[in-house]
Amino acid sequence: SHALPAEPTGDNEGRPGTSEDVSTDRVNTAVESAESVEAAEAEAARRERRAGCASKAEKKAARKRQMQESWAKKKEAKKVAHKEAKTTRTTEWDALPADEQEAIRSAAREKRLRDKAAAAETAQAGPTPSRPMPACVIDLDFDHLMDERGITSLAQQVMFAYGANKRVPHPLRYLLTSASVPPPPGPDATHPPQPQSQPPSQSQPPSHS
């Protein structure tokens, strides 16, 4: 007769080294490895973001330096060109005969006098129905979109425009619209409002019954 194999009993269930324990350890190890990889990737991403921010700041600073250098070069080139043009004009002027120089000066003086007389005549005549004074409207309804510096700059530009308008041959008529009036300041704590003096009450004479 053939002997049947013995059935497994519960004595081996908690014994270390079994196939079930090995599988559990492998799963735990795989999970820990995955978590470590994710943490490493997150740290690398954070480093890349920090490096990207630093590189953006460096690029912005480099662009600013490049613009400043370009502006300085253009300014220097313009200065040199202006100096060369002035030297050329001086050389050409010195090469002219004295009588021709005097004729040019006389023509320039006459032109200035004519322009000055025409400007004075136009300013004295003023606007006419055939030539009305044009109007220039300045809308001031955008102060809520500007800061204090912008409002100050706007006020300076308006004053400059008024001053320049007085010196031109054909002035404009400036109109300011939509100007907001700031509210009156509140009562000062150091100077409280004084009570208003009441008019003296006139005592009525007693009535005689």
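1. Let's start with Lys111. This is a predicted model, and in it lysine 111 has a relative accessible area of 46%, so the residue counts as partly exposed. Its side chain meets that of aspartate 115 in a salt bridge, at 3.1 Å from N to O.

2. Now the partner. Aspartate 115 comes out at 42% relative accessibility, which puts this residue in the partly exposed class too. As for where the two sit, aspartate 115 and lysine 111 are both in helix 2, four residues apart, so about one helical turn separates them.

3. How many salt bridges does the structure hold? Three. Side chains of opposite charge can pair when their charged atoms come close. Having dealt with lysine 111 and aspartate 115, we can turn to glutamate 102.

4. Glutamate 102 forms a salt bridge with arginine 105, and the closest N and O atoms there are 3.8 Å apart. The cut-off for a salt bridge is within 4 Å, from a side-chain nitrogen of Lys or Arg to a carboxyl oxygen of Asp or Glu, so do keep that number in mind when you look at this pair. Helix 2 covers residues 98-125, and glutamate 102 and arginine 105 are three residues apart in it, so they are separated by about one helical turn.

5. Arginine 109 also forms a salt bridge with glutamate 102, with 3.4 Å between the closest N and O atoms. Put together, Glu102, Arg105 and Arg109 are linked in a network of salt bridges.

6. Are the members of that network buried or exposed? In the terms used here, partly exposed: glutamate 102 at 39% relative accessibility, arginine 105 at 36%, and arginine 109 with a relative accessible area of 37%. Partly exposed lies between the buried limit of under 20% and the exposed limit of over 50%.

7. On to the strands. In which sense do strand 1 and strand 2 pair? Strand 1 (residues 135-139) and strand 2 (residues 173-177) run in the parallel sense, paired over five bridges. If you want a spot to look at, alanine 135 stands opposite arginine 173 in strand 2.

8. Last, the connection. From strand 1 the chain passes through helix 3 (residues 148-165) before reaching strand 2, and this β-α-β crossover is right-handed.

Key. Residues are numbered from 1 along each chain as its sequence is written. This is a predicted model: local features need pLDDT of at least 70, side-chain atom pairs count only at pLDDT 80 or more; totals for chains, interfaces and linings use all residues. Side-chain values use heavy atoms; hydrogens and water are left out. Two strands pair if DSSP finds at least two bridges between them. A crossover is right-handed if, with the strands pointing away from the viewer, the path from the first strand over the helix to the second runs clockwise. Buried means under 20% relative accessible area, exposed over 50%, partly exposed in between (1.4 Å probe, protein chains only).
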